[in-house]
Amino acid sequence: MKRATRKVIAAIMAAVLLVCIFPTAAYADNDKISALEEQIRKNKEEQEQTEGKIGESKEELENLQQTTEGLKGQLSSLNSNLTEVSNNLADLEEQIKAKNEEIEQTNVELAEAKEIEEAQYAAMKKRIQFMYEKQDYVLLEMLFGAASFSDLLNRNDYIEQLSKYDREQLEEFKATRTGIEEKEAKLEQEKKELDELKVEVEAEQSRVAGLVSQTSGKISSYQNEISSTEAEMLEYEKQLAEQKNNLAQLQKELEEERRLSQLAAQSAWRDISEISFADGDRYLLANLIYCEAGNQPYEGQVAVGAVVMNRVMSSVFPDTVVGVIYQNKQFSPVASGRLALALAEDHATAACYRAADEAMSGKTTVGNCLFFRTPIEGLSGTQIGGHIFY
């Protein structure tokens, strides 16, 4: 069996034994606590601002809804008005149609009256002309044709009555024509008045229809604003829920950091000279440094090794390299299996071994820091490469 393989087996067995013996421990410093407190303060301010925006959105939504309801009432009234105006217009159009038919009938009657008057006038003219031109003949006919004097008087009376009848008929036809003409003029005036009223009603219909369209447009616009405000408010509420959740997480983290800070304050530190290294510690530490900081500057690789050694020297962590590295949920390469693969093939570079040697000798580039991670907002510490040490 190769020596490297024996080292791996020994390291893993020691890690399992130490994980069973030592409970999970942690540590926090005042800088991180202050950063958490500041982050919580900012988070509360953001939460208050979001709550204020939700309140403003609710108020705006209520105003928009009230305005929309008012416009809907106005639109209902306008539609009723438009219906009434349209009905009036339809009634006027029927009246105009009836008036046109009445005028047309009157024109027919007038034409007939004129024809009868002209015919009667023409007949009367012929009789008068005949009597004038044949006066002697008529008189002789009446004189010699009469059977008696009484018959002569009767014939004369007949002629006079005929003349009188003609005059009366002519006057009657004239009066009829005049009446029809007056009726026609009256109907034309009434139609003119109806046409003028129709123009006014059409203008009113157009005005009200315009108001209906304008009000409908306003309602549509306000409804769009309502939808937009509701969506905005939902987004704010979602944002508020996230902020509350983040705040709760930060408060839990702060409580945990305070607990760890109190625990760390009670801890004691050993000197590097008091540390006893097991066979394989160097191999294990170098491969952990490779997994955690193989792509980082050499200073960062030493810093990772120093964090492991600082934990070994702290009384709140296991007191061996194997115990610290394999402590539950402390180093992600252990949980992911990357460290096991690195140990199986010894991926550690010469720089990683040199950094492990310097750390195990007590050298540190990050003081007494016990933690490191990728940078996050609000976390203070010493940054080397892509890691913050705190």
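Residues are called buried when their relative accessible area is under 20%, exposed when it is over 50%, and partly exposed in between (1.4 Å probe, protein chains only). The structure described here is a predicted model, in which local features need pLDDT of at least 70 and side-chain atom pairs count only at pLDDT 80 or more, while totals for chains, interfaces and linings use all residues. Residues are numbered from 1 along each chain as its sequence is written, and side-chain values use heavy atoms, with hydrogens and water left out.

A good place to begin is helix α2, which spans residues 30-133 and holds Ile103; helices (H or I, at least four residues) and strands (E, at least two) are DSSP runs numbered from the N terminus. Ile103 counts as buried because its relative accessibility is 6%. Beyond residues up to four places away in sequence, Ile103 makes contact (heavy atoms within 4.5 Å) with Leu187, Glu188 and Lys191. Of these partners, Lys191 sits 88 residues from Ile103 along the chain, with 8.9 Å between their C-alpha atoms.

Thr68 also belongs to α2, and its relative accessibility of 3% is why Thr68 counts as buried. A polar atom of the Thr68 side chain lies 2.7 Å from the backbone oxygen of Leu64. Leaving aside neighbours within four places in sequence, Thr68 touches Ile219, Tyr222, Gln223 and Ile226.

Further along the chain, helix α6 (residues 298-313) has 16 residues and reaches 23 Å from its first C-alpha to its last. That span is close to the 22 Å expected at 1.5 Å a residue, where the expected value is 1.5 Å times one less than the number of residues. Helix α6 is mostly covered, with 14 of its 16 residues buried. Together with α5 (281-293), α6 is included in what covers the buried residues of α10. In α10 (residues 350-360), the buried residues include Cys352, Tyr353 and Met360. After α10 comes Gly362, with a positive phi near 105°.

The model also contains an open sheet of three strands in the order β1-β3-β2, with antiparallel pairing; strands pair if DSSP finds at least two bridges between them. Its edge strands, each pairing on one side only, are β1 (372-373) and β2 (382-384). Strand β3 (residues 387-389) pairs with β2 in the antiparallel sense over three bridges, and Ile388 in β3 is the bridge partner of Gln383. Helix α6 packs on this sheet, touching β1, β2 and β3, and its direction makes about 45° with that of β3 (axes are lines fitted to C-alpha atoms, for helices over the stretch in contact, and angles run from 0 to 180 degrees between N-to-C directions).

Terms used: A polar contact is a pair of N or O atoms within 3.5 Å; within protein, one must be able to donate a hydrogen and the other to accept it, and residues adjacent in sequence count only if both atoms are side-chain atoms.
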